[in-house]
Amino acid sequence: MVGVNDLTLDVQPGITGLLGPNGAGKTTLFRMAMGLTKPSAGSILVLEENPWDNPKLLKRIGYVPDGDAPWQDYTGIEAATHFAALSGVTGNAADSAAAEALAKVGLAGAADKKVRAYSRGMRQRLKFAFATINDPELWLLDEPLLATDPLTRRDLIQLIRDHAAKGGSVVISTHVLTDVEALTQRIALMAHGRLLAHGEVREIRDMLERYPRTVRVGTPNPREMGALLWNLPSVLSLEATEGAVIVRTRQPQAFFAQLQDLLAVKDIDFTSVTSLDEDVESIFRYLVSEQ
Amino acid sequence: MSSPVTSLLKANFRTWIGAKGFWLVAAAALLPLVLTGAWVGAHRADVAVTELRIDGAPYSEGDEARFTAVVTNVGKQPVGEFNISLAVGTVTGGRLFAADSTTLTVDALAAGESREVTLLWSATPGVVYVVATVDPEDNIGERDEFNNQKAEPLAVARDAPDPATAPTAPMGLAGDENATTEIDLVVESLTRSSEGIAPGNNVTFTVTVRNNGIAVENAEVGVRVSRSFAGRGIPVTNQTQVMSFEAGETKTLDVVWTAQDGVFWHEGLVYAPTDTRDVNPDNNFLVEPVVVNPVVTDAMRPPEPQERLTIKQFYLQVLSLLHLRLLLPLIALFYAAGVIADERERGSLPYVLTRPIPRWLIPITKFAASFAVAAVATVVGVLLTYLFLFGTTVEGGDIGFLTTPLLASLLTLFVYGALFILLGVLVERPYLVGLLIVLGWENAAAMFVPWVSNLTLGTHIGNALADWRLDQGLQWVPETEAGVRALLVILGVGVAFLVLASAQMRRRDFAVG
């Protein structure tokens with residue numbers, strides 16, 4: 001099995017979104033870049049250096065790994081100070097670096113609370129605080145916005161933007177396209193351990209336009225609804241099932257507009273309209289099959 | 001020390017002092033003390049043989065000897081029924097073979113009170129020991145079990161033997177009774193180089209033979225020291241020589257003998273040549289008793305005291321069987337083995353491994369923190385136990401009960417800590433494997449399979465400890481070849497474990513998530 005193979009990611013100053021479904025190899029790529037995992041064959045270079053057991057290089061990278069925040073029996077300030085010290089910030093500077101980092105992520109008020117007592121959003125903020133300590137030039141953020149509340153999400157996005165604005169580089173991995181769209185125009189698509197595409201969001205969008213989407217239209221009268229929908233030019237195929245009609249279309253935006261018009265003029269009951277494959281995995285399945 | 005190292009140390013200290021570590025640390029500090037204290041609590045009494053008198057010595061064979069033992073309760077509480085045994089006998093192989101003995105049963109003895117026991121004995125010659133033993137059945141738990149026996153050697157002199165028991169003259173001294181040539185050889189005297197002969201002395205025994213008749217050729221002269229057996233002399237040493245005698249000539253012959261304890265006979269004899277006839281054969285043989293009386297020497301040893309568990313031995317057993325063999329290895333296991341597993345459990349492994357710290361430093365700092373905390377706990381425990389046992393007065397041999405346990409404990413923590421650090425880096429489930437090592441390999445297997453024993457760390461620590469001779473005073477390192485070897489093995493293996501752990505840490509790819 002190949003986890004990550006033959007991959008070069010050109011990271012410019014600014015934000016690069018690393019987009020890929022679960023299992024694409026994003027986390028593995030980050031772990032290799034941080035010297036946590038060794039390539040089973042070949043090599044990996046980050047900032048032109050091998051990251052394995054390379055303290056000098058690691059000092060230049062801030063990393064937000066996936067998973068929960070560590071050191072939960074510490075208070076926020078203790079955890080951050082510990083992290084600062086581990087990062088090579090000496091003496092009292094570690095205390096002030098930790099306080100500053102907590103303030104930056106909005107945790108100054110919760111500095112003396114145990115990490116265990118933090119909410120999910122606060123823990124995510126704490127992980128960000130760690131990454132900012134020592135002011136590293138490159139941030140590698142592994143699914144940093146996953147399951148965050150809107151407020152935390154807004155603050156963290158701002159933090160990422162600020163870092164990029166100061167000339168720093170950020171690589172942020174996600175499997176949710178809209179997360180990346182909020183941050184950057186530059187994305188890389190990854191699946192099965194390979195880079196599928198690397199470019200602007202617009203180019204990716206164009207690719208997605210050719211992707212047939214599946215929409216479920218819930219209704220108590222699927223046969224009647226099916227007959228109506230079949231007349232819409234954007235519908236590629238359809239299938240009437242128990243309580244719903246499953247429609248396939250290559251022009252989802254056009255289909256939704258036409259459906260809206262149709263439902264406005266026809267007297268037919270419907271219960272819901274759901275896009276069944278909005279998630280990135282479906283998109284990637286399509287892209288991979290196109291390769 | 002750089003800051004990441006200090007911070008790693010601090011984090012590891014924190015784990016130690018956390019809830020998980022507290023009881024083990026406390027146990028390391030207090031278990032030897034508590035167990036020793038409990039032992040002392042149950043062993044507060046103390047009866048001792050305070051005096052052993054041998055009245056009227058020296059004795060000779062058949063004298064009535066009188067021995068008196070004084071037993072005192074030197075403890076701080078009264079003691080119930082116990083026996084006092086007073087015996088006299090010979091000692092062989094460290095054991096007393098009693099010729100006579102008496103036993104007194106004491107119903108009770110208050111603190112400070114004494115009892116006397118007397119034994120009358122009709123002395124028999126030889127070296128004997130008079131041995132007084134209090135509580136020979138070991139019924140009383142005592143603070144000091146080494147003062148329960150006193151033994152004094154006693155040499156009983158021999159009487160001169162009955163002349164009737166002397167060896168008689170051998171046959172054939174007179175020559176040929178039909179021979180025509182008549183001669184007259186006489187054993188004129190027997191002399192010896194010293195009179196008061198002690199066992200081990202080299203003594204020269206001489207026979208003087210005079211020729212009262214005509215010149216004689218080929219007469220055989222003999223001198224010997226013998227035991228008498230049914231009227232015959234069985235020589236223990238013997239010298240013979242064929243001699244020629246002019247008329248009226250006197251000659252001597254010597255034999256040197258290393259004296260032994262007992263009754264012997266000095267024999268002198270001369271055989272008439274076979275072609276002659278001694279006209280007076282009765283004077284061809286002389287015999288005198290040689291009495292070698294026993295002497296007490298430095299080489300003689302009293303009977304060995306009964307094997308009894310003393311507080312020092314008890315402490316040593318707690319130390320070697322429980323503290324060094326089980327408790328400290330478990331402490332080392334629970335802290336050192338978590339070098340990776342604990343970080344993974346706390347979710348901090350990806351954070352620690354991606355910090356600008358050389359990987360080899362991670363197991364070393366973990367080891368240093370574990371070792372330091374366990375060492376402090378051990379030092380406290382051993383020091384408290386020592387103060388409890390001996391107070392603040394430092395007395396010669398007793399200081400060994402402080403220094404040796406300390407060094408042995410530190411060695412144990414060092415080598416097991418290093419082993420479990422390596423284990424923590426190597427295997428996914430270090431605690432389980434470590435428990436199997438401590439309980440299975442180091443204890444159970446080593447107990448039942450002899451060859452395993454030599455491959456355990458515990459055995460080498462035990463060897464080094466044995467060489468420190470806990471009850472023999474201040475000794476900082478083992479002195480014999482075996483002890484030094486054991487020490488070097490422990491240190492070498494410990495360093496090797498740490499080097500391997502660091503090398504593995506640099507090489508290994510850990511599953512962080």
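How many helices and strands does the secondary structure of chain A come to? In this predicted model, the secondary structure of chain A comes to 11 helices and 10 strands. Chain A has 291 residues, of which 41% count as buried, and among its contacts with a separation of 6 or more, 67% are between residues 24 or more positions apart.

Some backbone features deserve a careful look, and a general expectation sets the background: most residues other than glycine have a negative phi, and most peptide bonds are trans. Two glutamates of chain A and one peptide bond of chain B are described here against that background.

| Residue | Phi | Loop in chain A |
|---|---|---|
| A:Glu48 | near 65° | between α1 (26–33) and α2 (55–58) |
| A:Glu143 | about 45° | between β3 (138–142) and α6 (150–165) |

A:Glu48, which is not a glycine, has a positive phi, and its surroundings can be stated from the neighbour count: A:Glu48 counts as exposed because it has 6 C-beta neighbours inside 10 Å, where 12 or fewer is the cut-off for that class. A:Glu143 likewise has a positive phi without being a glycine, but A:Glu143 is buried, because 22 other C-beta atoms lie within 10 Å and the cut-off for a buried residue is 20 or more.

In chain B, the feature concerns the peptide bond itself, for the bond that runs from B:Ala57 to B:Pro58 is cis, with omega near 5°. B:Pro58 is placed in the loop of chain B that lies between β1 (47–55) and β2 (59–60).

Notes. Residues numbered from 1 in each chain as written. Chains lettered and ligands numbered in written order. Predicted model: local features only at pLDDT ≥ 70, side-chain atom pairs only at ≥ 80, totals over all residues. Helix = DSSP H or I, 4+ residues; strand = E, 2+ residues; numbered from the N terminus. Contact = placed C-beta atoms within 7 Å.
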